[in-house]
Amino acid sequence: MKITGARVALGPHQSERREVYVRGGRVSFFGDERGESLDLSGLLLLPGLINAHDHLEFNLFPKLGAGTYPNAKAWASDIHRPLDSPLKEHLSLSKLTRLVWGGLKNLLSGVTTVAHHNPIEEPLLRAEFPVMVVREFGWAHSLDFSPDLTERFQTTPENWPFLLHAGEGVDDHAYSEIARLESLGILSERTALIHSIGLDHPGLALVKARRSSIVWCPSSNLAVYGRTLAASVLKSGVNIALGTDSAMTAQADLIDEIGVARGTSELNSEELYEMVTTRAAHLLRLRDGQGEIREGGVADLIAVPDRGQTPADALAELTPELVIVSGKVRLIAPQLLDRMSGIHCRPPHSIRLEGRGCWLTDVDLPSLHAETALALGAEFRLAGKRVWQ
Ligand SMILES: [Zn+2]
């Protein structure tokens, strides 16, 4: 496929009008393909975004819990009532369906790669799953919930990242976790600490010394603990990527999360852009060109209206009109359909998301919607937003 007419993002402040060829799921700036083409005049082509933390199967859930909590253990013991409403109804829905909705939440917000924090089950690896799910990583839930934490870390291949919830809370228990992880030998260059709001000065010094990373989920943190990462952490030089967490704690997708990150910090648009592209790719050790548009890189691309803005500034008002995952059009706004020439497999299903817009997708929305409405009623929400077919 030949993409013509677009201004192409080459960095947070760099862009160039050039043709892009998508061949075998990869990007090339050189080619002479005839046949399939897509005219993206008037659009800015950005790299697909990376969501560094989600639990995909929990994105139809309402936000659980009331008020704020001192740590993750207190939150979990308060909300864990699987036999009661609303958990009972949500858990009656097949896990596959719930996982696909989680993929859709990400796709609709321009995410093309997501780090799913739970076992990687076969449906997540299917070509028809809405987005790419990171496969090569080690993980544990947390110190409190993973008695086999050390073994999990030690059996994770050296060149894979190791992800775990850590410092998730605002009490002494949460603050003690960084030192406990250090004593277990878990802090390393490949370790990514999810949340880490319980981080004092010595803890931050340890994270820096071990060159570990942090995944920042501000909406989730604010909803459950009433605060999020301090400016001293955000500006510390530690590599930080942005993640949404699931709807159980954050009724938000990555677009919302970028807005919350902007509103609760002094970070500039370039730093925020990198947190959902190159810094996230570095943290997750993605090596296929995710987070950038480069020769030979994976063709994960999104397009937004070109208002002359920088790629970094485009994230402030992001509503993707097109999302391409591994070279395949997975989401396209109806007004772009006429721009496709020689492309025979147009996405057949329509999808509309509250407050955002409508698109066409190849995800089998009619059966997904029907099964979900049966279990949850027609007014179900995806990370807080109504969704229609
Ligand atoms: Zn989590």
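**Notebook: cavities, pockets and a zinc site**

I began with an enclosed space, the second largest cavity, and found that Lys105, Leu108, Asp253, Leu353, Leu382, Ala383 and Lys385 line it. I noted its volume as about 40 Å³, and sorting its lining by class gave me 4 nonpolar and 3 charged residues, with no polar residue in the set. I should record at once that I am working on a predicted model, and that every value below is computed from it.

I then looked up how many cavities of 30 Å³ or more the whole structure holds, and the search returned 3. The largest cavity encloses about 80 Å³, and I listed its lining as Asn71, Ala72, Lys73, Ser142, Asp144, Phe145, His165, Glu168, His173 and Glu177. By class I wrote this lining down as 2 nonpolar, 4 polar and 4 charged residues.

His165 from that list led me to the metal. Which atoms coordinate the zinc ion? I found NE2 of His53, NE2 of His55 and NE2 of His165, at 2.0 to 2.2 Å, so that His165 both lines the largest cavity and serves as a zinc donor. Along the chain the donors are spaced as H-x1-H-x109-H, and I checked the accessibility of two of them, His53 and His55, which are both buried.

Next I turned to the open spaces. The largest pocket has a volume of about 580 Å³, and of the 25 residues that line it I noted Phe58, Trp75, Ile79, His141 and Met248 as the closest to its centre. Helices α1 (72–79) and α2 (87–92) each supply at least two lining residues, and α1 gives the most, with 4 residues. The class count for this lining came out at 12 nonpolar, 9 polar and 4 charged residues.

For the second largest pocket I recorded about 380 Å³, with 21 lining residues, of which Met132, Arg135, Leu286, Asp288 and Gln290 are the closest to the centre. Its lining holds 8 nonpolar, 6 polar and 7 charged residues, and it draws at least three residues from each of domain 1 (1–47 + 291–338) and domain 2 (50–283).

I also followed a single side chain, that of Arg330, which I located in strand β18 (residues 328–332). Is Arg330 buried or exposed? Its relative accessible area is 3%, and because buried means under 20%, Arg330 counts as buried. As for its partners, I found a polar contact of 2.8 Å between the side chains of Arg330 and Asp362, and a polar atom of the Arg330 side chain also lies 2.8 Å from the backbone oxygen of Glu128.

Last, I went through the backbone for unusual geometry. Ser85 and Pro86 are joined by a cis peptide bond, with omega at about 0°, and I placed Pro86 in the loop between α1 and α2, the two helices that I had already noted in the lining of the largest pocket.

Two residues other than glycine caught my attention for their positive phi: Arg211, at about 60°, and Asp245, near 65°. Arg211 sits in the loop between α7 (201–209) and β14 (213–216), where its relative accessibility of 55% makes it exposed. Asp245 belongs to the loop between β15 (240–242) and α10 (254–263), and I recorded this residue as buried, with a relative accessible area of 5%.

Notes. Residues are numbered from 1 along each chain as its sequence is written. This is a predicted model: local features need pLDDT of at least 70, side-chain atom pairs count only at pLDDT 80 or more; totals for chains, interfaces and linings use all residues. Side-chain values use heavy atoms; hydrogens and water are left out. On a 1 Å grid over the protein atoms alone, a cavity is a set of points where a 1.4 Å probe fits but cannot get out, and a pocket is an open set with protein on both sides within 12 Å along at least five of seven lines; lining residues have an atom within 4 Å of a point. Grid points are joined across faces, edges and corners, and a volume is the space filled by probe spheres set on the points. Ala, Val, Leu, Ile, Met, Phe, Trp, Tyr, Cys and Pro count as nonpolar, Asp, Glu, Lys and Arg as charged, and the others, Gly among them, as polar. Domain bounds come from an automatic or database domain assignment. Donors are N, O and S atoms within 2.8 Å of the metal (3.2 Å for Na, K and Ca); water is not among the atoms, so sites may look incomplete. Buried means under 20% relative accessible area, exposed over 50%, partly exposed in between (1.4 Å probe, protein chains only). A polar contact is a pair of N or O atoms within 3.5 Å; within protein, one must be able to donate a hydrogen and the other to accept it, and residues adjacent in sequence count only if both atoms are side-chain atoms.
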